[in-house]
Amino acid sequence: MRETTSRRDFLRYGVLLGAGATLGGGLLAGCSRDTPPAASAAAPANETPRQGGRLRLGIVDGSQSGNLDVHKPVGSGIIRGFALYSKLWEWNERMTPELALAEEVSINGNASAWTIRLRKGLEFHHGKTITADDLIFSARRLSDPQLASPYASLVQRIDRDNIVKLDEYTVRIPIRDGLGFLPLPDGWVNFGGIVPSDYHPVTNPIGAGPYKLKEFTPGQRSLFTRFNNYFKPGKPYADELEIIEFKDQTSRVAALLAGQIDTAYAITPEQIVPLRANGGAAVQISHTHGWQGFEMNLDAEPFRDVRVRQAFRLLANRQELVARALGGQGRVANDLYSPLDPTFNHGIAQRAYDLDQAKSLLRSAGKTDLRLELAAGPGGSAAAQVFANQAKLAGVDIRVKQVDAATYNGPLRDSWTMSTTARLGGEFLHTATNTDSALAATNKTHFNDARFNALFEQALGETDVEKRKVLVHEAQQIQHDRGGLLIWGFADTVDGIAARVGGARPERSHFSTWRFDELWLRS
């Protein structure tokens, strides 16, 4: 049996397709446990979008080193990529991949190959028709060891040397070892933009996104103009898009209040009060499943002992962490990621704060006088300090070390005894591929459980969602019992939206204000 999916099907089921796939309630059932997104303060959604004007997005890029590379974005280059490039898939509002440039996708019965057919009549910014040759070029570029893309691990099982062009718009991509659910859609949805074979990120940054590049000054601003042949008819709405870079949150919010920018992505909780008091901009809160936590290094003391890992999870007061580290803008988590995934194990009870049990576990492990260092990466200092104070109640002395981005992500990144972490909330297989599975390029926990690894690999090759659910349920129980992640909360994304902006709405993803083809200006 060969099963295919249309764009409409992907909206409903995400990546869960394939030969013999038993979709059942699929993603819809998995989502039913969630509360809906917070309402936006923006105008009613039944307004008719208006064409024209310049949409201005304010971003904070402390590195001031962004670029335009589709497959190797640096800093704010990721945001510009949402304007410049289109992909085979894109995130929908529930953080699930849906078809974009691809018209139809199928996976064969033994999960050893994907067949991808492009929509016909698609164009790049310079007028070239998008064909299978461009898809193959893009796939090989992303996975090229010479490029050394930090996202190559997302497509590491692609047999890049044996991609087959079936016709002018269709390719077959073989997957090594029959691990076809190494989630190709999730891996390409952010960093798998389709570019022409004459692409160059500096001299010819051509894509098929809603806007084409006009000007780019690294560390300052970039200006884009509307792409009239964008694959979504009638979009984008604005004539121009300007992305303006700021060095800090305060100056960016001041610019929003002064009417110098129209949207401010991911503002800090303390900026909510002045925005609401001013009245000229709305505060939009999206209940995402981006997760916040700590990574415990299982190759280092004291975390080789599972009792210590269990104790640390019990002494984390999650409500207090959400209240203080997130300013209340978030929800408590249960040391597991991907709660929207239809294979998620909702039967695992929420881990409660239990200081007495944590002390007991530390005593039984002979670790009653613990001292260790916690590396706090960018944005992680507040959570690290809160947790350090909580740990004192169990007699654990945690010294917080503030680490800059370059050091945190540099050669030492896998050697911290304990470190902060914050990640996007994708589907289970995709997240595990990047975080704590045997395939993860960066596994800071050094979690290497034989049974978990076996279950994970089986799940990658299982095309039936119900059978895959059984595998994932057991794998998540192992993570919950003896893994190295202490995931204490899910963070909301808080955006500032000027009153004149239409089309923005709360969603489960992090990208409401990056949906440049959806936003429009009232005047």
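Over which residues does pLDDT stay under 50? Select residues 1-43: pLDDT, the predictor's confidence in each residue from 0 to 100, stays under 50 there. For this stretch the model has 111 contacts beyond four places in sequence, a contact being heavy atoms within 4.5 Å.

This is a predicted model, in which local features need pLDDT of at least 70 and side-chain atom pairs count only at pLDDT 80 or more, while totals for chains, interfaces and linings use all residues. Residues are numbered from 1 along each chain as its sequence is written, and side-chain values use heavy atoms, without hydrogens and water.

Now colour the whole chain by pLDDT. The average is 86, and 88% of the residues score at least 70.

Next, select residues 164-167 (β7) and 170-174 (β8). These strands run antiparallel, joined by 3 bridges, and form a hairpin with 2 residues between them. Lysine 165 stands opposite valine 171. Strands (E, at least two residues) and helices (H or I, at least four) are DSSP runs, numbered from the N terminus; two strands pair if DSSP finds at least two bridges between them.

Move on to residues 371-376 (β15) and 397-402 (β16), a parallel pair with 6 bridges. Alanine 376 has glutamine 402 as its bridge partner in β16. Between the two strands the chain passes through helix α11, residues 381-392, in a right-handed β-α-β crossover. Right-handed means that, with the strands pointing away from the viewer, the path from the first strand over the helix to the second runs clockwise.
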